[in-house]
Amino acid sequence: MKKFLVIQTASIGDVILATPVIECIHNNFPDAQIDFVIKKGMESLFVEHPFLNQLWVWDKKNGKYKQLHKLISGIRKVGYDYVINLQRFLSSGLITGFSKAKVKHGFQKNPLSFLLNKSFPHHIGVEGKYIHEIDRNLQLLNGVCVDLQANIKLYPTKENYKKTEQFKKQTYICLAPTSLWYTKQFPEERWIEFLKKCPKDLVVYFLGANGDIPICRKIISASGHKNCHNLAGQLNLLESASLMKDAKMNFVNDSAPQHLASAMNAPTTAIFCSTVPEFGFGPLSKDSKIIQIKEKLDCRPCGLHGYRECPKGHFKCAKDIDIKDLTSRICTKK
């Protein structure tokens, strides 16, 4: 039995975008043991995952380097045949380099790439060529897997679906209004404007973490839309995914909820403000559309991950998006 270790210790979106690698390995080696290194807090994404044998969890907040040493020691004892490192940072290079695996693949940008058997380029925003992050990740399986085709996918449990059944009795949309970065987040006043133009009988579920509760509450109150429900902080990641799966539409930023929707092949309307789809992090659902400003701005994109505020002070990339582009994606009768 082949033993694989996949490494992705970044945040929610990056971890979800790593799932095609798991799917691809399973498709090519159905009997393989597949283990996954993630950071603490990501475990809930993989409850009862059908293809994962073990989660190696790195606690970065409590004795980060002590925990890293412990993690590497445990991994070395397993005797992996393959380590596939999707991260481009020193810590993941250490895990890979000292893993004692027979075959180690990763990206050339990792500072310890010289410890790899084979390294691959990681191009973002290549001129004239769109490369999605899942394809950048899947290339790491070159020479290991024959068929490199695989989809982004999560597996909510029966309990997750049962938890969200109560919310699915009417036609509804989901709205995830926040992002870690201000310039990747559609502004509050624009969400309010959007809700004011939504059909009054349309049920709208707001999704997010505990920290998003106040902004969701503020948007709902200011919009006056009576059928909005604030579910921020009430659903875990897989429960949110199960709710998004059956929504008539999911409205998201260029952020983690977009990837949750993609992993469920749920209808998606993704709003790109300061970032651009050419970076390779766009939606992957069959029914998906990217909404962005039509005017070409010299300052856009201003950065790969966004900023705490607009560097130019005007935030035109978000404020000048046409609300009609959003309302046209509401799949319900007015």
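Here are some questions and answers on salt bridges and helix packing in this predicted model.

Q: How many salt bridges does the count come to?
A: Let's start with the rule, since a pair counts when a side-chain nitrogen of Lys or Arg lies within 4 Å of a carboxyl oxygen of Asp or Glu. Side chains of opposite charge can pair when their charged atoms come close. By this rule, the number of salt bridges is 11.

Q: Which helix holds both E193 and R190?
A: These two side chains meet in a salt bridge, with N and O 3.0 Å apart. The residues are 3 apart, about one turn of the helix, and both belong to α7.

Q: Is R190 buried or exposed?
A: Its salt-bridge partner E193 has 32% relative accessibility and counts as partly exposed. Buried means under 20% relative accessible area. R190 has 7% relative accessibility, so R190 is buried.

Q: How many residues apart in sequence are the parts that D287 and R329 tie together?
A: D287 forms a salt bridge with R329, and their closest N and O atoms are 3.0 Å apart. D287 sits in the loop between β11 and β12, while R329 sits in the segment after α12, so the pair ties together parts whose separation in sequence is 42 residues.

Q: At 33% relative accessibility, how does D287 count?
A: Its partner R329 counts as buried at 13% relative accessibility. The buried class lies under 20% and the exposed class over 50%, with partly exposed in between. At 33%, D287 therefore counts as partly exposed.

Q: Where does K294 lie?
A: K294 meets D325 in a salt bridge, at 2.5 Å from N to O. This pair links distant parts of the chain, 31 residues apart: D325 is in helix α12, and K294 is in the loop between β12 and α11.

Q: Is K294 buried or exposed?
A: D325, at the other end of the salt bridge, is buried with a relative accessible area of 17%. Exposed means over 50%. K294 has 64% relative accessibility, so K294 counts as exposed.

Q: Which residues are linked with K168 in a network of salt bridges?
A: Here the salt bridges join into a network. Linked with K168 are K245 and D246.

Q: What is α7 to α8, oblique or roughly parallel?
A: The two helices pack with their axes 9 Å apart, at an angle of about 45°. Angles under 35 degrees count as roughly parallel. The angle of about 45° makes α7 oblique to α8.

Q: How many residues of the contact of α7 with α8 are charged?
A: From α7 come E188, W191, I192, L195 and K196, and from α8 come I215, K218, I219, A222 and S223. Of these residues, 6 are nonpolar and 1 is polar, and the number charged is 3.

Q: What is the crossing of α9 and α10, left-handed or right-handed?
A: The axes of α9 and α10 come within 9 Å and cross at roughly 60°. This makes α9 oblique to α10. As for its hand, the crossing is right-handed.

Q: How many residues of the contact of α9 with α10 are nonpolar?
A: In this contact, L237, S240, A241 and M244 of α9 meet P257, L260 and A261 of α10. No residue here is charged and 1 is polar, while the number nonpolar is 6.

Methods: Residues are numbered from 1 along each chain as its sequence is written. This is a predicted model: local features need pLDDT of at least 70, side-chain atom pairs count only at pLDDT 80 or more; totals for chains, interfaces and linings use all residues. Side-chain values use heavy atoms; hydrogens and water are left out. Helices (H or I, at least four residues) and strands (E, at least two) are DSSP runs, numbered from the N terminus. Buried means under 20% relative accessible area, exposed over 50%, partly exposed in between (1.4 Å probe, protein chains only). Axes are lines fitted to C-alpha atoms, for helices over the stretch in contact, and angles run from 0 to 180 degrees between N-to-C directions. Angles under 35 degrees count as roughly parallel, over 145 as roughly antiparallel, 65 to 115 as roughly perpendicular and the rest as oblique. Contact means heavy atoms within 4.5 Å. Ala, Val, Leu, Ile, Met, Phe, Trp, Tyr, Cys and Pro count as nonpolar, Asp, Glu, Lys and Arg as charged, and the others, Gly among them, as polar. A crossing is left-handed if the near helix is turned anticlockwise from the far one by less than a right angle, and right-handed if clockwise.
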